[in-house]
Amino acid sequence: MVVDTKSIYTPTPPTDQHTGFESGRSDLTSGPEVRLDVRGDFPILAREFDGKALAYLDSGATSQKPVAVIEAMDRYYREHNANVHRGVYALAQEADAAYDGARTRVASFVGGEPKTTIFTKNVTEAINLVAYAWGRTNVGPGEAVLTTQMEHHANIVPWQQLCKERGAKLRYLEVDERGELSLEQLDRELERGDVKLVAFTHVSNVLGTIVPVAEMTARIRAAGATSLVDGAQAVPHMPVDAQAIGADFYAWTGHKALGPTGIGVLHGRAEILEQMEPFLTGGDMIASVSFESATWNELPYKFEAGTPPIAEAVGLGAAVNYLSALGMERVRAHEQELTGYMLRRLAEVPGLRVVGPPEPENRGGLASFTIEGMHAHDIAELAGRGGVCIRAGHHCAQPLMRCLGVSATARASVGVYNEPRDIDALVEALLEGRRVFGL
């Protein structure tokens with residue numbers, strides 16, 4: 001029996017794809033015209049806290065989930081649940097079709113190939129997979145790994161451990177006063193001749209900086225080094241073509257892209273993945289096992305030991321269907337307009353300083369900031385009283401915080417479901433917080 005996955009999981013389009021809000025929406029007249037009106041697709045946004053509508057501005061930490069994703073996962077468990085790549089009965093073949101079909105859609109979403117699209121637990125595991133399976137074979141004493149000062153801990157600590165174990169050096173590209181990297185410094189580092197890998201983010205989760213990834217990967221390849229890009233803050237918010245970017249490894253995570261937790265994605269070059277030993281071993285990643293040895297399964301299964309995240313893959317497949325129906329160019333335009341509006345409104349708050357590039361076109365959909373006389377955690381707690389959800393802390397980027405000369409920042413980050421009124425609620429909460437502190 002051959003089961004058509006499309007008959008199981010037909011893409012569910014967003015309920016509303018307006019190019020702008022209708023005239024007469026007086027609650028939004030203070031903000032820009034918004035390109036997407038999809039808030040109703042996200043059930044959690046109907047919640048209120050102390051009579052105030054939820055203003056969720058923490059998509060950089062995790063995104064909310066549309067009905068399409070929730071229903072796809074529910075339907076899988078209700079109608080098609082079975083383990084994959086193991087059974088020959090109809091239900092198992094339906095599960096196979098759902099899982100493998102999700103991989104195809106996820107790969108296509110970023111211009112990848114199913115064969116080289118590996119499902120992991122999250123982007124952290126994807127980076128660790130490369131550090132273990134590629135790094136411990138290819139990085140040796142006296143060689144170097146290069147990363148940047150703006151990285152998330154997930155793109156620092158694995159390389160620290162690798163370099164410690166292998167006797168290699170870990171060096172950093174510096175962040176300038178605008179929150180950007182220097183291609184000239186990258187060239188100087190590559191000219192030293194000892195760099196084996198350069199690992200860097202696509203979009204900074206603190207600064208919002210959009211890094212020139214394609215330019216960097218081209219220079220890295222020309223120098224004979226390998227590249228890894230952390231796309232966790234990019235894939236959910238802008239068009240990404242992994243083939244055009246040209247990274248040897250590109251990693252991202254599902255829960256920031258309207259999908260469920262528990263699933264991440266690693267795209268790699270086939271010729272590199274074929275040469276790598278597996279990261280985890282066990283069931284499903286083998287071709288054959290004897291009492292003495294084992295041989296490995298073909299890609300991508302060689303790197304997916306044990307029962308995979310089947311329902312999570314189905315949910316992520318539904319999430320990329322949803323984003324594709326919106327159009328990632330429109331998603332980016334919507335969030336860029338909101339970010340520009342947020343930067344303008346935040347400038348109205350006395351004593352507030354935003355870090356990162358000042359232009360919305362040069363940053364992702366987030367703004368990290370400090371307010372003189374207020375700790376970041378106090379800012380977030382007071383905002384929460386008004387139903388506004390923002391993050392506070394070091395954002396898993398302690399080295400960058402030291403470069404910025406602060407211990408923590410507050411961060412507001414937007415998604416497809418945000419509207420100008422969410423920004424207005426944030427600014428109102430910040431001004432009220434200043435009054436509470438007597439500032």
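# Cavities, pockets and helices in a predicted model

Colleague: How many cavities of 30 Å³ or more does a search of the whole structure find?

Modeller: The structure shown above is a predicted model, and everything said here is computed from it. When the whole of it is searched for cavities of 30 Å³ or more, the number found is 2.

Colleague: Which residues line the largest cavity, and how many of them are charged?

Modeller: The largest cavity, which has a volume of about 60 Å³, is lined by Gly60, Val203, Gln233, His237, Met238, Gly364, Gly365, Leu366, Ser413 and Val414. Sorted by class, this lining has 4 nonpolar and 6 polar residues, and the number of charged residues is none.

Colleague: What is the make-up, by class, of the lining of the second largest cavity?

Modeller: The second largest cavity holds about 50 Å³ of space, and its lining is made of Ser59, Ser63, Pro236, His237, Lys256, Leu258, Glu335, Gly415, Val416 and Tyr417. Divided by class, the lining of the second largest cavity comes to 4 nonpolar, 4 polar and 2 charged residues.

Colleague: Turning to the pockets, which element gives the largest share of the lining of the largest pocket?

Modeller: The largest pocket has a volume of about 380 Å³, and of the 18 residues that line it, those closest to its centre are Lys52, Gly386, Val388, Ala425 and Glu428. Two or more lining residues are given by each of strand S2 (52–53), helix H12 (376–385) and helix H14 (420–436). By class, this lining divides into 8 nonpolar, 2 polar and 8 charged residues. The largest share of it, 9 residues, comes from H14.

Colleague: Which residues are the closest to the centre of the second largest pocket?

Modeller: About 260 Å³ of space lies in the second largest pocket, whose lining residues divide into 7 nonpolar, 10 polar and 5 charged. Of the 22 residues that line this pocket, the closest to its centre are Val123, His152, Ala232, Gln233 and Lys256.

Colleague: Why do the buried residues of helix H7 line one face of the helix?

Modeller: In helix H7, which covers residues 213–222, the buried residues are Val213, Met216, Thr217 and Ile220. An α-helix has 3.6 residues a turn, so residues three or four places apart point the same way. Looking down the axis of H7, one finds its buried residues on one face because they fall within an arc of 95°.

Colleague: What do the buried residues of H7 pack against?

Modeller: Their partners include both helices and strands, among them helix H6 (183–191) and helix H8 (242–245). Written out in full, the elements that the buried residues of H7 pack against are H6, H8, strand S6 (169–173), strand S7 (195–201) and strand S8 (226–230).

Colleague: Which residue takes a positive phi just after H7, and which one just after H10?

Modeller: Just after H7, a positive phi of about 80° is taken by Gly224. Just after H10, a positive phi of about 95° is taken by Gly327.

Colleague: How far apart are the end C-alpha atoms of helix H10?

Modeller: Helix H10 is mostly covered, since 14 of its 17 residues are buried. At 1.5 Å a residue, the 17 residues of H10, numbered 310–326, should span 24 Å. This expected span agrees with the distance between the end C-alpha atoms, which is 25 Å.

Colleague: Is Ala247 buried or exposed?

Modeller: Ala247 lies in the loop between H8 and strand S9 (249–253), and, not counting residues up to four places away in sequence, Ala247 touches Thr217, Arg221, Ser227, Val229, Ala242 and Arg269. A residue counts as buried when its relative accessible area is under 20%. Because the relative accessibility of Ala247 is 12%, Ala247 counts as buried.

Colleague: What is the relative accessible area of Asp58?

Modeller: Asp58 lies in the loop between strand S3 (55–56) and helix H2 (67–80). Beyond residues up to four places away in sequence, Asp58 touches Cys389, Ile390, Arg391, Arg411 and Ser413. Asp58 is buried, with a relative accessible area of 13%.

Colleague: What does Glu274 count as, at 43% relative accessibility?

Modeller: Glu274 has its place in helix H9, residues 270–275, and, leaving aside neighbours within four places in sequence, Glu274 is in contact with Lys115, Leu299 and Lys302. Buried means under 20% and exposed means over 50%. With its 43% relative accessibility, Glu274 therefore counts as partly exposed.

Notes. Residues are numbered from 1 along each chain as its sequence is written. This is a predicted model: local features need pLDDT of at least 70, side-chain atom pairs count only at pLDDT 80 or more; totals for chains, interfaces and linings use all residues. Side-chain values use heavy atoms; hydrogens and water are left out. Buried means under 20% relative accessible area, exposed over 50%, partly exposed in between (1.4 Å probe, protein chains only). Helices (H or I, at least four residues) and strands (E, at least two) are DSSP runs, numbered from the N terminus. The arc is that of the directions from the helix axis to the C-beta atoms. Contact means heavy atoms within 4.5 Å. The expected span of a helix is 1.5 Å times one less than its number of residues. On a 1 Å grid over the protein atoms alone, a cavity is a set of points where a 1.4 Å probe fits but cannot get out, and a pocket is an open set with protein on both sides within 12 Å along at least five of seven lines; lining residues have an atom within 4 Å of a point. Grid points are joined across faces, edges and corners, and a volume is the space filled by probe spheres set on the points. Ala, Val, Leu, Ile, Met, Phe, Trp, Tyr, Cys and Pro count as nonpolar, Asp, Glu, Lys and Arg as charged, and the others, Gly among them, as polar.
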